[in-house]
Amino acid sequence: MRVAAVQHDIVWEDPAANFARLAPFISEAAGSGARLVLLTEMYSVGFTMATDRVAEPVGGPSTEFLVDQAARHGVWICGSVPERPEGQDRPFNRAVLAGPDGTVHRYAKIHPFTFAGEHEHYAAGDERVTVEIEGVRVSLYVCYDLRFADEFWEVGPDTDLFVVVANWPAARRRHWTSLLLARAIENQCYVAGVNRVGSGDGLDYAGDSRIVDPMGEIVAEAGSDETIIAADVDPARVTEVRAALPFAADRR
């Protein structure tokens with residue numbers, strides 16, 4: 001399955017502007033043969049704590065855009081959105097995965113970024129999510145989750161591809177690139193990390209999106225510009241690597 005990561009800038013707290021900017025990227029990725037297209041964390045508003053302004057109901061405009069684009073192009077699309085279930089005080093930072101048939105899966109970020117006060121504005125999720133897409137087992141994570149290896153270990157044996165959507169600051173870009181490699185190597189599966197570029201709320205973002213194979217080899221990477229990277233993900237390669245190097249059996 002071909003996976004494309006759209007490394008993009010974000011117009012701060014302006015969903016309509018971001019929908020207009022991203023639609024051509026999605027069209028290009030789908031046209032090049034991608035079956036799964038990845039956008040960034042908080043793709044439609046940026047990593048903002050102003051939940052009173054940006055939080056949407058379940059199935060709101062940012063989710064609807066993903067659903068519509070998935071149906072229009074016949075692909076799967078994922079990005080995170082600030083989504084508040086009815087009756088809940090704080091929204092979730094949710095990775096929303098939309099399928100070409102209207103199917104929607106949701107993963108709520110388990111580890112809000114307390115360093116930036118995210119835990120004060122967004123509720124923490126408590127459920128890991130793995131979805132099979134055209135024979136590839138895909139597990140969803142959001143940004144800061146990447147620092148917590150145990151979250152990945154829990155579902156690693158049943159995962160072919162980890163997806164990490166992010167707004168990871170340039171100041172810690174080495175952490176981002178190193179941890180993507182680590183999650184791939186220790187779980188012997190693919191990892192696709194898509195990060196934003198540009199600036200938002202006083203922070204700079206360097207991109208450095210990556211797709212890493214089960215041996216820790218980078219098979220697609222980006223610099224600091226808006227771009228699309230893509231690579232083929234093969235579950236057979238995951239099985240092959242795990243059989244040849246059965247390291248997971250020794251994990252305690």
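**Exercise 1. Find out where Met 42 sits, and what stands out about its backbone.**

Start with the place: Met 42 belongs to the loop that runs between β2 (36–38) and α2 (51–54). Keep in mind that you're looking at a predicted model. Next, check the backbone: Met 42 isn't a glycine, yet its phi is positive, at about 45°. That's worth a second look, since most residues other than glycine have a negative phi. Last, is Met 42 buried or exposed? Buried counts as under 20% relative accessible area, and Met 42 has 0%, so it is buried.

**Exercise 2. Do the same for Cys 143.**

Cys 143 is in the loop between β8 (136–142) and α5. Its phi is positive too, about 40°, and Cys 143 is not a glycine either. With a relative accessible area of 7%, Cys 143 is buried.

**Exercise 3. Work out which side of helix α6 faces inward.**

First get the helix itself: α6 covers residues 173–187, which makes 15 residues. From first C-alpha to last, α6 reaches 22 Å, close to the 21 Å expected at 1.5 Å a residue.

Now list the buried residues of α6: Trp 176, Thr 177, Leu 179, Leu 180, Arg 183, Ala 184 and Asn 187. They take up an arc of only 165° around the axis, so they lie on the same side of α6. The general pattern helps here: an α-helix has 3.6 residues a turn, so residues three or four places apart point the same way.

What do the buried residues of α6 pack against? Their partners are α5 (149–155), β9 (161–166), β10 (190–195), β13 (210–212) and α7 (235–244). One more stop: just after α6, Gln 188 has a positive phi of about 50°.

**Exercise 4. Describe how α1 and α3 meet.**

Take helix α1 (residues 15–31) and helix α3 (residues 61–73): their axes come within 11 Å and cross at roughly 30°. Angles under 35 degrees count as roughly parallel, and α1 and α3 are therefore roughly parallel to each other. The crossing is right-handed. On the α1 side, the contact is made by Phe 19, Leu 22, Ala 23, Ile 26, Ser 27 and Ala 30. From α3 come Pro 61, Ser 62, Phe 65, Gln 69 and His 73.

**Exercise 5. Place Asp 160 and name its contacts.**

Look in the loop between α5 and β9 for Asp 160. Its relative accessibility is 2%, so Asp 160 counts as buried. Skip the neighbours within four places in sequence, and Asp 160 is in contact with Gly 135, Val 136, Arg 137, Cys 189, Tyr 190, Pro 235 and Val 238.

Conventions
Residues numbered from 1 in each chain as written. Predicted model: local features only at pLDDT ≥ 70, side-chain atom pairs only at ≥ 80, totals over all residues. Heavy atoms only, no water. Helix = DSSP H or I, 4+ residues; strand = E, 2+ residues; numbered from the N terminus. Expected span 1.5 Å × (residues − 1). Buried < 20%, exposed > 50% of the residue type's maximum accessible area, 1.4 Å probe, protein only. Arc of directions from axis to C-beta. Contact = heavy atoms within 4.5 Å. Axes fitted to C-alpha atoms, helices over the stretch in contact; angles between N-to-C directions. Parallel < 35°, antiparallel > 145°, perpendicular 65-115°, else oblique. Left-handed = near helix turned anticlockwise from the far one by under 90°.
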